[in-house]
Amino acid sequence: MRPILLSGHERALTQVRYNPDGDLIFSVSKDQQICVWFAHNGERLGTYRGHQGAIWTIDVDPTSTILASGSADNTIRLWDIKTGKCLKTWDFPTAVKRVEFNEDGTQLLGVTEKRMGHMGTIVVLDVKIDVEAEQTDEKALTIVCEESKATVAGWSYLSKYIIAGHEDGSISQFDGKSGDLLYNFPIHELNQQITDLQWSQDRTYFITSSKDKTAKLISAKELEVFKSYATDTPLNSAAIAPNKDFVILGGGQAAMDVTTTSARQGKFEARFYHKIFEDEIGRVRGHFGPLNTVAADPTGKGYASGGEDGYVRVHAFDKGYYDFMYEVERERANKLAAAAATAMA
Amino acid sequence: MAPSFDHLRDEDLDDEDFDMDEVDISDLREKYEVQLEQGYDTFVVVDGLPAVTEELKPKLIKFLLKKLNSVGRTSEDAIYMPMGDDGKSLRFAFVEFSSAAEAAAAVRQLDFVPLDKKNTLRVNKLTDVDRYGREGRIDEEYTPPAIDEFEEKEHLRSFMADPSGRGRDQFVMFRGETVGVFWNNEKDQPENVVDRQQWTETFVQWSPLGTYLTSVHAQGVLLWGGPSWARLRRFPHPFVNLVAFSPNEKYLVTWSNRPISIPDSGHPSLSLDDDGKNYVIWDIETSKPLRSFAQQDTPAAGDDPAKKPAKFPWPAFKWSADDKYVARLNQGTSISVYELPKMNLLDKTAIKIEGVMDFEWAPATPRRDGVKAYEQLFCFWTPEIGSNPARVGLMSIPSKQIVRSLNLFSVSDAKLHWQSDSSYICVKVDRHSKSKKSQATTLEIFRVKEKGVPVEVVDTIKDTVINFAWEPKGDRFVIITTTEPVGVTAVPPKTSVAFFCPEKAKGNAVGNFKHLRTLEKKNSNAIYWSPKGRFVVVATVANTQSSDLDFFDVDFEGEKPEGEKDLTANLQLMNTSEHYGITDIEWDPSGRYVATWASAWKHSMENGYHLYDFRGELLREEPVEKFKQWAWRPRPPTLLTKEEQKQVRKNLREYSRVFEQEDAERISSADVAVVEARRRQLLDWYSWRETTEEELIEERLALGLPENPLAELLKEKTAEVATVVGEAEEQVIEEIMEEVLEETEEIVN
């Protein structure tokens, strides 16, 4: 099927997110706008105005009621999704690079940039998923990253851990309540920054992407690296496809080098890898700049990618995607089906 | 202004505190003391002279002088021949030369030279006699030198025996800072044999028979090989830039653009004689230097200052096919031919050829019709000088006879291309018209093996021929021409690729060379024949716009065009391919595979390699960061006789059946292994998922949380919405139905 091209942004995309129902797509870009779109036809529902700097990150609460965004104007803002009203603004000394709600929407974490003498931090804010409620000014927690600044972070299952990816290619596991550092492991090549961290649906494992051209699948509890996906280009984003055992990776020649190389050099493609076998399965072309962000539809019907070229492309999966199976997978599926059949009988 | 010595006043000098004698300057004295000319360096001792009486002595000295003056300058007065008590000479003489270098030359060139039938000269430096022969240095009793116990060495040709029994070829890859040797596995990941960090500093190179892998370092050249990849030889030529082997791996030439400078403390294998030299010729077996040479001044660019100085010629030393001779061009005057292993100038003089521009040895020992004596051939050419025509000559060594020569007019340049069996040499002659405005090229082919070496002229080609290549072991060739001279233009001009082959002739004779076909409007600039002949790749390399690869078969087994019935070739384009950014191409020694790569030495775009089979089918492509070099390991010539080879060819079907079966089995067993591994991975993953999911639910229950947090939250929310809207729950369910409907719409779209 033809992809839907969302051309509402004027500058490079920074993050794209689906709401948990998979019917809305939120996108943010360096043009200081948040857009919300219908996932099924690409119609723009509206924009959220107020930020005065490039917006780096966005997240939706599990009930699709409120929206959190982090920006280079040194604020995190909360928005009423329905009305577009800004509900709350938290100010920070530096830009906010990543925000994420925990699984029950009671807390929000933010990653702040290291700049102008300020250390990079991860802050935790208590939020109420209620457009009427007064939001607190107090930070529930502040974790200071002394070694290497955090570039991305997220909540594990049960909000038990906060996992952060760092500029030096390592990941950290913090206690979700106390903020104590439990572990720090180098995962990617030294000093190749981690560019994205996205969760599986139950938040027991996650995928990281890095400038070292690999993406890794890691468990939240033991920080065990299950899988590694090697590509030929620096990666900016990685997502885990629900319902199928695939992962989606996006990247391309670093934006600043693009003009000096030929277009074929850019490798501006979304890549699909088999989650378990680590093989590349397919590529989707279309962007004419590196992919800055990819997001999988939580219902498993498609995915969206946002590029340096300022476009969001929304792809619906076709039959081939659903039917694709390795011989051993089909074997297993058949076995399970047979077992189910006998159980029924 | 800083106070100079003149401005110092006397009172500034603390004379009373200063006592010369107290200062110990012995170390400084040692370091800076002028080495007084010891004077003995110019002396040599000549042994092996006949015993003569006083009357005959002047005669002998005169005779000796003749020999001595051939290497340096000396005179009657500088020869002192001591006389014994019996009135006869003591059979030796001291000789003083005018310089130490001449004395050294005398030792090198006159030692072991026969004086007459009975006597052989032995020439040694006086300093050496003093050093080694002084009393106490030599034991009175002879003790035989200790001979080391025989040690089994590694088999240097073990690489010929592929452990998998498939006769695979090896290759070396240099990427990043790592050098690795691999077995070619066609489509699969090459099998690593050895992989080492920083194995070389600049590049790697195989010896011509594949025995050694050469690594190049600031300190010199190292050779590696055998199953353990041990260091086998060391050639310490400081700051070496380039390396060349003799065709049979007996000798090695190293070159550095920096003249060798021997430190005072000496050098492990080079001597003072090598000081200031750029080339060293080494004996590989002993790792000893044979002789060193200084770089010749590149000839002046002439009266045309715009012309770039002549490119530095490499290889400067060219080897005859059997390693017996090595020769160097002295541009415009002569060719110096040296005999191995002594490295003495053949007949003690360079071969004078006025104006000589270039020469090439026959790549195989030639077998001319009716010539039984041993010979090596080289071909040379000289430009027009005054009213004399330009000339191409074929010289036989060691007789120095010109076997064939050809006069040519209006020559602006010539290039010499030998066919690999030395059956032919093609001289590509660029000619200019009288006005020097238009150019044309002729191909003059010498049929070396035929009686009298007939010369055939093939076509006059209007365009500039930019490339030429003979079919190895065959008699066909490919040329690439272009209409415009290749200049510094952004877009290189279009080229044409032309194929030539001999006409059919009776018996074993080879007919006249005829034009077969020309393919126009190409971008190609390089020709790569399979080492076994028949197949040829015509490619566009090191070109930013295009990077085409055309795979041709010149013995196509299909139908032959009517017009080409009389020709000994049937040309067919088998495949075309493209490898973006390609910089180099190399056939494997068996002629089965072609490797192409984009080297980081030339550019940084899409570095990596492709592997094709001989038909041009892409087997494998692998992008490799900082990929620099690929080199197939050469193989020594086959040990099978002609008859045995024929036998193999005859029974090829039977052999291939065995191999095909093996291939099929290997592939299927590999598939089984892959499937097994996948099954395991799948099982591991799902068992992990299962335990994790169970744990998660347990933990949730323990915390008193709902099993599915999202569902719970949504239920709350829908309840909220429902109360706000004031509608019944059933209708809420309807809304969910609506969503599903929307989804069907999407599919219709």
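Two residues are in contact here when heavy atoms lie within 4.5 Å. Keep that in mind as you work through this predicted model.

**Exercise 1. Explore helix α3 of chain B: find its buried residues and the elements they pack against.**

Step 1. Locate the helix: α3 covers residues 100-110 of chain B.

Step 2. Look for residues under 20% relative accessible area, the cut-off for buried. You should find Glu102(B), Ala103(B), Ala104(B), Ala105(B), Ala106(B), Val107(B) and Leu110(B).

Step 3. Now see what surrounds them. The buried residues of α3(B) pack against two strands and a helix of chain B: β1 (43-47), β4 (122-125) and α2 (57-69).

Step 4. Follow the chain just past the end of α3(B). There, Phe112(B) adopts a positive phi of about 70°.

**Exercise 2. Place Lys449(B) in chain B and decide whether it can belong to a positive surface patch.**

Step 1. Find the loop that joins β27 (439-447) to β28 (455-461) in chain B; Lys449(B) sits there.

Step 2. Check its exposure. Lys449(B) has a relative accessible area of 33%, so it counts as partly exposed.

Step 3. Compare with the patch cut-off, which asks for over 30% relative accessible area and no salt bridge. Lys449(B) is indeed one of the patch members, together with Arg367(B), Lys642(B), Lys646(B) and Arg649(B).

**Exercise 3. Describe chain A as a whole.**

Step 1. Count the elements: chain A has 28 strands and 3 helices.

Step 2. Turn to burial. Chain A holds 345 residues, and 59% of them count as buried.

Step 3. Finish with the surface. About 13,900 Å² of chain A is accessible, and carbon and sulfur atoms supply 48% of that.

Note on methods: Residues are numbered from 1 along each chain as its sequence is written. Chains are lettered from A and ligands numbered from 1 in the order in which they are written. This is a predicted model: local features need pLDDT of at least 70, side-chain atom pairs count only at pLDDT 80 or more; totals for chains, interfaces and linings use all residues. Side-chain values use heavy atoms; hydrogens and water are left out. Patches are made of residues with over 30% relative accessible area and no salt bridge: like charges are joined within 9 Å, nonpolar side chains (Val, Leu, Ile, Met, Phe, Trp, Tyr) within 5 Å. Accessible areas come from the Shrake-Rupley method with a 1.4 Å probe; for residues, only the protein chains shown count as cover. A salt bridge is a side-chain nitrogen of Lys or Arg within 4 Å of a carboxyl oxygen of Asp or Glu. Lys and Arg count as positive and Asp and Glu as negative; His and the chain ends are not counted. The place of a charge is taken as NZ of Lys, CZ of Arg, CG of Asp or CD of Glu. Helices (H or I, at least four residues) and strands (E, at least two) are DSSP runs, numbered from the N terminus. Buried means under 20% relative accessible area, exposed over 50%, partly exposed in between (1.4 Å probe, protein chains only).
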